[in-house]
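Got your viewer open? Load the model and get ready to click your way through it, one selection at a time.

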Amino acid sequence: MTNAGEFPLWAAILVAFFVLLGSSLTLIGTIGFAKLQSFYERLHAPTLGTSWGTGGIAMASIIYFSVSGGRFVFHEIFIGIFMTITTPVSLMLLGRAALYRDRAEQNPSKPDRL
């Protein structure tokens, strides 16, 4: 499909919805990252924005390229799976490393439990 006029209206609406949803969730995560005070609070908002925001953008990409190419596109699913798996793992590792550092330095502002 080379002409934008050939793209179905229902697919364009779905693509626009998922792009707006994904970008809005990523924006919310970014605002949370900027507004929250401590490192431990800042961990949560961007990871949710990354996970759910990437999911919305990947869904829009799946719909667009599947409809325009006439076949189902798989590689965006792998991107979504990769982001879903790696984002929480990196959150956990960053949180534990920061907690270990704060305990080693006897930082009074560290949380009791992670």
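Here is a tour that goes from the whole chain down to single residues.

**Stop 1: the whole chain.** Keep in mind that this is a predicted model. Switch to cartoon view and you'll find three helices and zero strands, so the pattern along the sequence reads α-α-α. Now zoom out. The C-alpha atoms fill a box of roughly 65 × 25 × 20 Å along the principal axes. The radius of gyration is 19 Å, whereas a compact globule of 114 residues would come out near 13 Å. If you can colour by burial, do it: 25% of the 114 residues are buried. Turn on the surface too, and you're looking at about 8,100 Å² of accessible area, 70% of which belongs to carbon and sulfur atoms.

**Stop 2: the core.** Select Phe-7, Ala-11, Val-15, Phe-18, Ala-60 and Ile-63, and you have the largest nonpolar core. Which elements give two or more residues to this core? They are α1 (9-35) and α2 (39-69), with α1 giving the most, three residues. As a bit of background, nonpolar side chains in soluble globular proteins tend to be buried together. Next, click on Val-15 and show its neighbours. Leaving aside residues up to four places away in sequence, Val-15 touches Phe-7, Ala-60, Ile-63 and Tyr-64.

**Stop 3: a nonpolar patch on the outside.** Select Phe-72, Phe-74, Ile-77, Phe-78, Ile-81, Ile-85, Val-89, Met-92 and Leu-93. Together they form a nonpolar surface patch with about 880 Å² of accessible area. Pick out Leu-93, which sits in helix α3 (residues 75-104). Is Leu-93 buried or exposed? Leu-93 counts as exposed because its relative accessibility is 52%, and the cut-off for exposed is over 50%.

**Stop 4: along helix α3.** Click on Ser-90, also placed in helix α3. Ser-90 counts as partly exposed, at 35% relative accessibility. Now measure from Ser-90 to Gly-29, C-alpha to C-alpha: they are 16 Å apart in space and 61 residues apart in sequence.

**Stop 5: a charged pair.** How many salt bridges does a search of the whole structure find? The search finds one. Show the side chains of Asp-102 and Arg-101, which meet in a salt bridge at 3.3 Å, N to O. Side chains of opposite charge can pair when their charged atoms come close. Check the burial of each partner: Asp-102 counts as buried because its relative accessibility is 4%, whereas Arg-101 is partly exposed at 42%.

How values were computed: Residues numbered from 1 in each chain as written. Predicted model: local features only at pLDDT ≥ 70, side-chain atom pairs only at ≥ 80, totals over all residues. Heavy atoms only, no water. Patch = residues over 30% accessible without salt bridge, like charges linked within 9 Å, V, L, I, M, F, W, Y side chains within 5 Å. Areas by Shrake-Rupley, 256 points an atom, 1.4 Å probe, with all protein chains shown as cover. Salt bridge = Lys/Arg side-chain N within 4 Å of Asp/Glu carboxyl O. Helix = DSSP H or I, 4+ residues; strand = E, 2+ residues; numbered from the N terminus. Buried < 20%, exposed > 50% of the residue type's maximum accessible area, 1.4 Å probe, protein only. Core = buried A, V, L, I, M, F, W, Y, C linked by side-chain atoms within 4.5 Å. Contact = heavy atoms within 4.5 Å. Rg over C-alpha atoms; globule rule 2.2 N^0.38 Å.
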